[in-house]
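User: Please take a close look at the nonpolar interior of this model and at how the helices pack. I would like one connected account that I can follow with the structure open.

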Amino acid sequence: MASSTADLQVIQPGQLIDGLSETPAEGTAVVLQGSRIHWVGPREQLRSRSGPLDGLADGSEPQVLDLPQATLLPGLIDCHTHTNMPGDGRTGKEVDCETDDIRLLRSARNVRRALESGVTTLADCGAWNRTGFSLRQGLAMGLVDGPRVLVAGRPVTITGGHLWFMGGEADGPEGARRQVRQLIKEGADLIKLVASGGSTVTSDPFRPSLTVSELKAATEEAHNRSRPVAAHCRSTVSINNALEAGVDMIFHCAFYDPDGSHRFDQATAERLAASGVWVNPTLHLGTLRLGMLRQKRIEEDLSAEESADLDKLEQGCRVRMEQFGRLIEMGVNLVGGSDAGWGLYQFGDFQGELLSMKEAGLSPMQAILAGTRNTAAALGVLDSVGTIEAGKEADLLLVEGNPVEGLAALRRVVAVFHGGRRVKCTA
């Protein structure tokens with residue numbers, strides 16, 4: 001059946017990173033039809049016999065976007081965000097004083113910023129009460145403009161554990177199982193387990209929280225319903241507990257002993273590499289306050305407290321980069337997740353995390369795949385997004401220059417397509 005030009009768009013970039021090949025391709029074209037990718041191939045085949053533009057119903061020309069100085073790649077996928085959070089330095093406990101209405105309005109603003117920056121799919125891995133589900137419903141109804149949002153809902157945590165105020169407290173294997181079942185009943189796309197403490201003052205980031213039996217019960221229930229499981233791990237013991245439970249993703253993956261000292265644990269690292277689990281290092285989050293203090297030191301004097309904080313942050317950054325450099329060398333699978341909304345990480349620069357992962361040791365192409373194809377695989381959505389292939393959703397990003405030659409090009413956004421629709425930027 002002949003196609004009409006009304007539902008066809010042709011993109012002709014200078015380079016194409018499809019998420020499948022090891023190097024960018026030149027001389028290619030991508031044809032969109034409606035919300036999906038219709039055809040990908042050499043530009044000279046566009047009008048060949050049986051090519052995608054052969055036999056157009058009205059004989060006219062489709063819309064063509066010719067950008068020889070740009071690179072086309074899959075839309076970015078962020079596996080770790082908190083859309084309720086402001087990214088202005090306030091803690092979760094401080095945001096807990098707000099209403100769900102305010103938090104939901106903030107989520108709507110944040111996802112719009114993410115989409116305009118090139119993130120076409122993101123996972124909300126911890127929101128208050130039902131706000132994550134309401135956000136997803138508002139997106140589906142067209143009340144809010146944003147990327148595809150996968151919702152974890154309330155993180156499953158022990159009583160008084162990290163993020164308890166979001167509403168997901170559960171104790172004991174059956175309590176954890178019941179909480180997961182309830183989340184899936186409400187429509188959770190993935191499950192977030194809090195395997196260690198964190199920044200919540202009633203928790204200890206250097207010690208495990210959910211037990212192995214609780215983690216196993218929750219993971220078993222999630223996998224029984226085909227939901228991926230992510231575990232927040234800020235200690236070495238919690239990493240091993242999460243691996244024992246068979247989770248799919250480990251967030252933070254920080255090697256800390258119970259006394260708060262950082263110690264690279266070779267046995268744990270080897271276990272991570274052998275497991276094939278996806279590891280989200282959240283590296284950029286830790287550099288944001290560091291950068292702010294460095295800039296302030298240039299412009300004015302730091303207080304004694306700020307100077308001590310700067311020294312601590314610089315040491316911590318070195319340690320983290322060294323740890324993940326070693327994990328990369330060992331073949332651990334890194335995947336991109338910003339933790340946007342938390343701390344000082346505002347939505348709109350997921351690219352910062354990919355750049356930090358490159359600094360830790362990934363090649364530019366590996367960093368790009370960590371924020372596209374591999375993230376889609378970790379979240380269980382690779383059948384529809386994450387690569388540029390015929391039949392997949394037309395979620396695309398065009399950037400100025402070639403990010404394989406300089407990864408910072410990912411920040412030079414030329415155009416974003418979401419479901420075949422070109423996103424109109426408000427900035």
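Analyst: In this predicted model, a convenient place to begin is Leu272, which touches Ile239, Leu243, Ile250, Cys253, Phe255, Val277, Val279, Leu327 and Val332 when residues up to four places away in sequence are not counted. Leu272 belongs to the largest nonpolar core, a set of 75 residues in which Ile191, Ile250 and Leu272 are those with the most contacts inside the core. Helix α9, spanning residues 304–329, gives the most to this core, with 6 residues. Separate from it is a second core of 17 residues, and Leu150, Trp278, Ala378 and Leu379 are among them.

Helix α9 also packs against helix α8 (residues 285–299), and the axes of the two come within 9 Å and cross at roughly 135 degrees. Because of that angle, α8 is oblique to α9, and the crossing is left-handed. On the α8 side, the residues in contact include Leu290, Leu293, Arg294 and Arg297, while those they meet in α9 include Glu306, Asp309, Leu310 and Leu313. By class, this contact holds 5 nonpolar, 2 polar and 7 charged residues.

A further helix pair is α5 (residues 212–224) with α6 (residues 236–245), whose axes come within 8 Å and cross at roughly 40 degrees. That angle makes α5 oblique to α6, and here the crossing is right-handed. Val212, Leu215, Lys216 and Thr219 of α5 meet Asn241, Ala242, Glu244 and Ala245 of α6, a contact that divides into 4 nonpolar, 2 polar and 2 charged residues.

How values were computed: Residues numbered from 1 in each chain as written. Predicted model: local features only at pLDDT ≥ 70, side-chain atom pairs only at ≥ 80, totals over all residues. Heavy atoms only, no water. Core = buried A, V, L, I, M, F, W, Y, C linked by side-chain atoms within 4.5 Å. Buried < 20%, exposed > 50% of the residue type's maximum accessible area, 1.4 Å probe, protein only. Helix = DSSP H or I, 4+ residues; strand = E, 2+ residues; numbered from the N terminus. Contact = heavy atoms within 4.5 Å. Axes fitted to C-alpha atoms, helices over the stretch in contact; angles between N-to-C directions. Parallel < 35°, antiparallel > 145°, perpendicular 65-115°, else oblique. Left-handed = near helix turned anticlockwise from the far one by under 90°. Nonpolar A, V, L, I, M, F, W, Y, C, P; charged D, E, K, R; others polar.
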